[in-house]
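Take a look at the chain below. The paragraphs that follow start from one side-chain contact and work outward.

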Amino acid sequence: MSRAKDNRAQFLFYELFRDEAAFKAHQESAHFKTYIAGEALPLLAKRERAQYGLL
């Protein structure tokens with residue numbers, strides 16, 4: 001997790017997954033549905049999401 005230097009209310013969260021299947025399994029997990037989708041995301045003013053590949 002990182003915080004923007006010029007906006008202390010802006011954070012960057014990132015996660016690494018082995019492959020697409022691992023990413024999908026994470027999103028289907030009980031803890032993701034409960035804590036991220038159910039509690040954290042509704043509190044956000046804005047959410048931007050991007051996927052990257054390792055070089």
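**A walk through the chain**

The side chains of H26 and E15 make a polar contact, at 3.4 Å. This comes from a predicted model. H26 is part of helix α1. Is H26 buried or exposed? Its relative accessible area is 15%. The cut-off for buried is under 20%, so H26 counts as buried. Which residues touch H26, once neighbours within four places in sequence are set aside? They are E15, F17, H31 and F32. E15 thus appears twice: as a contact of H26 and as its polar partner.

Move on to S29. This residue sits in the loop between α1, which spans 20-28, and α2. S29 is buried too, because its relative accessible area of 16% falls under the 20% limit. The side chain of S29 has a polar contact of its own. Its partner is the side chain of H31, at 3.2 Å. H31 is also one of the residues in contact with H26. So H31 links the two parts of this walk: it touches H26 and pairs with S29.

Now step back to the whole chain. How many helices and strands does the chain have? There are two helices and two strands. Read from the N terminus, the order is β-β-α-α. The radius of gyration is 13 Å, well over the 10 Å that the globule rule gives for 55 residues, so the chain is more spread out than a compact globule. The C-alpha atoms fill a box of roughly 35 × 35 × 15 Å along the principal axes.

Burial can be put in numbers as well. Of the 55 residues, 9% count as buried. H26 is among the buried residues, and so is S29. The accessible surface of the chain is about 5,500 Å². Carbon and sulfur atoms account for 55% of that surface. As for charge, the chain carries 9 positive and 7 negative charges. Their mean positions lie 4 Å apart.

Next, the strand end of the chain. Q10 lies in the loop between β1 (2-3) and β2 (11-12). Its relative accessibility is 43%. That value is between the 20% and 50% limits, so Q10 counts as partly exposed. Beyond its neighbours within four places in sequence, Q10 is in contact with S2, R3 and A4. What is the distance between the C-alpha atoms of Q10 and K46? They are separated by 9.6 Å, with their positions 36 residues apart along the chain.

The last stop is the segment after α2. The helix α2 covers 30-40, and P42 lies in the segment after it. P42 has 55% relative accessibility. The cut-off for exposed is over 50%, so P42 counts as exposed. Apart from residues up to four places away in sequence, P42 touches I36 and A37.

Q51 is found in the segment after α2 as well. Is Q51 buried or exposed? Its relative accessibility is 55%, so Q51 counts as exposed. Q51 still has contacts beyond its neighbours within four places in sequence: E20 and F23. A4, one of the contacts of Q10, gives another reference point for Q51. Q51 and A4 are 47 residues apart in sequence, and their C-alpha atoms are 19 Å apart in space.

How values were computed: Residues numbered from 1 in each chain as written. Predicted model: local features only at pLDDT ≥ 70, side-chain atom pairs only at ≥ 80, totals over all residues. Heavy atoms only, no water. Helix = DSSP H or I, 4+ residues; strand = E, 2+ residues; numbered from the N terminus. Buried < 20%, exposed > 50% of the residue type's maximum accessible area, 1.4 Å probe, protein only. Contact = heavy atoms within 4.5 Å. Rg over C-alpha atoms; globule rule 2.2 N^0.38 Å. Areas by Shrake-Rupley, 256 points an atom, 1.4 Å probe, with all protein chains shown as cover. Lys, Arg positive; Asp, Glu negative; His and termini not counted. Charge placed at Lys NZ, Arg CZ, Asp CG, Glu CD. Polar contact = N/O pair within 3.5 Å; in protein donor to acceptor, adjacent residues only side chain to side chain.
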